[in-house]
Amino acid sequence: MCTYCNDKNISIGTDAYYEEQASQEEIYLEETEEELRMILEFDGPSPLRSESPDQQREQAAEELIIGDDDPPLSEETVKQILRMTIIVRDVDKNTL
C-alpha cells in the first residue's frame with residue numbers, strides 16, 4: 001500500500017475543498033456587496049459633500065435616535081446621547 005499516494009490524494013482533496021470554499025465565499029461577498037450598493041443607491045440622495053465626515057456622522061446619529069417608531073425622546077435625552085457620541089468619537093481619535 002502506498003502511503004505517499006494516500007497523503008497526496010488527501011492533500012489534493014483538501015486543496016480542492018479549500019478552493020471550493022474560497023469560491024463560494026467570493027460569490028457570497030460579491031452578492032452582498034452588490035446588495036449593499038443597491039441599498040445605498042436607492043436609499044435616497046447622498047449626503048452633501050460639503051459636510052465633513054464628523055458632521056455626517058452626527059447627522060446620522062440624530063436620525064437614528066429620533067427617526068424610529070419608538071416614543072419620542074426628550075430633548076435632554078437626545079442631548080445626552082449626542083454628548084456620549086461625541087465623547088466616544090473623541091476617545092476613538094485619541095486611540096488611533
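E30 comes out as partly exposed, with a relative accessible area of 44%; buried here means under 20%, exposed means over 50%, and partly exposed is what falls in between (1.4 Å probe, protein chains only). This is a predicted model, so local features need pLDDT of at least 70 and side-chain atom pairs count only at pLDDT 80 or more, while totals for chains, interfaces and linings use all residues. Residues are numbered from 1 along each chain as its sequence is written, and side-chain values use heavy atoms, with hydrogens and water left out.

**Overall layout**

- The protein chain has 3 helices and 0 strands, where helices (H or I, at least four residues) and strands (E, at least two) are DSSP runs numbered from the N terminus.
- Reading from the N terminus, the elements go α-α-α.
- Of the 96 residues in the protein chain, 5% count as buried.
- About 8,700 Å² of the protein chain is exposed, and carbon and sulfur atoms supply 57% of that; accessible areas come from the Shrake-Rupley method with a 1.4 Å probe, and for residues only the protein chains shown count as cover.

**The negative patch**

- E30 sits in helix α1, which covers residues 3-42.
- Together with E25, E26, E31 and E35, E30 forms a negative surface patch.
- Patches take residues with over 30% relative accessible area and no salt bridge, joining like charges within 9 Å and nonpolar side chains (Val, Leu, Ile, Met, Phe, Trp, Tyr) within 5 Å.
- On signs, Lys and Arg count as positive and Asp and Glu as negative, with His and the chain ends not counted.
- Each charge is placed at NZ of Lys, CZ of Arg, CG of Asp or CD of Glu.

**Salt bridges in helix α1**

- The count comes to 4 salt bridges, a salt bridge being a side-chain nitrogen of Lys or Arg within 4 Å of a carboxyl oxygen of Asp or Glu.
- E33 pairs with R37 at 3.1 Å, N to O, and these two lie 4 residues apart in helix α1, about one turn of the helix.
- E34 also forms a salt bridge with R37, with the closest N and O atoms 3.7 Å apart; here the spacing is 3 residues, again about one turn of helix α1.
- That links E33, E34 and R37 in a network of salt bridges.
- For accessibility, E33 is partly exposed at 43%, E34 is partly exposed at 39%, and R37 is partly exposed at 38%.

**A salt bridge in helix α2**

- D54 and R57 form a salt bridge, with their closest N and O atoms 3.2 Å apart.
- D54 and R57 are separated by about one helical turn because they are 3 residues apart in helix α2 (residues 53-66).
- D54 counts as partly exposed at 23% relative accessibility, and R57 is partly exposed too, at 42%.
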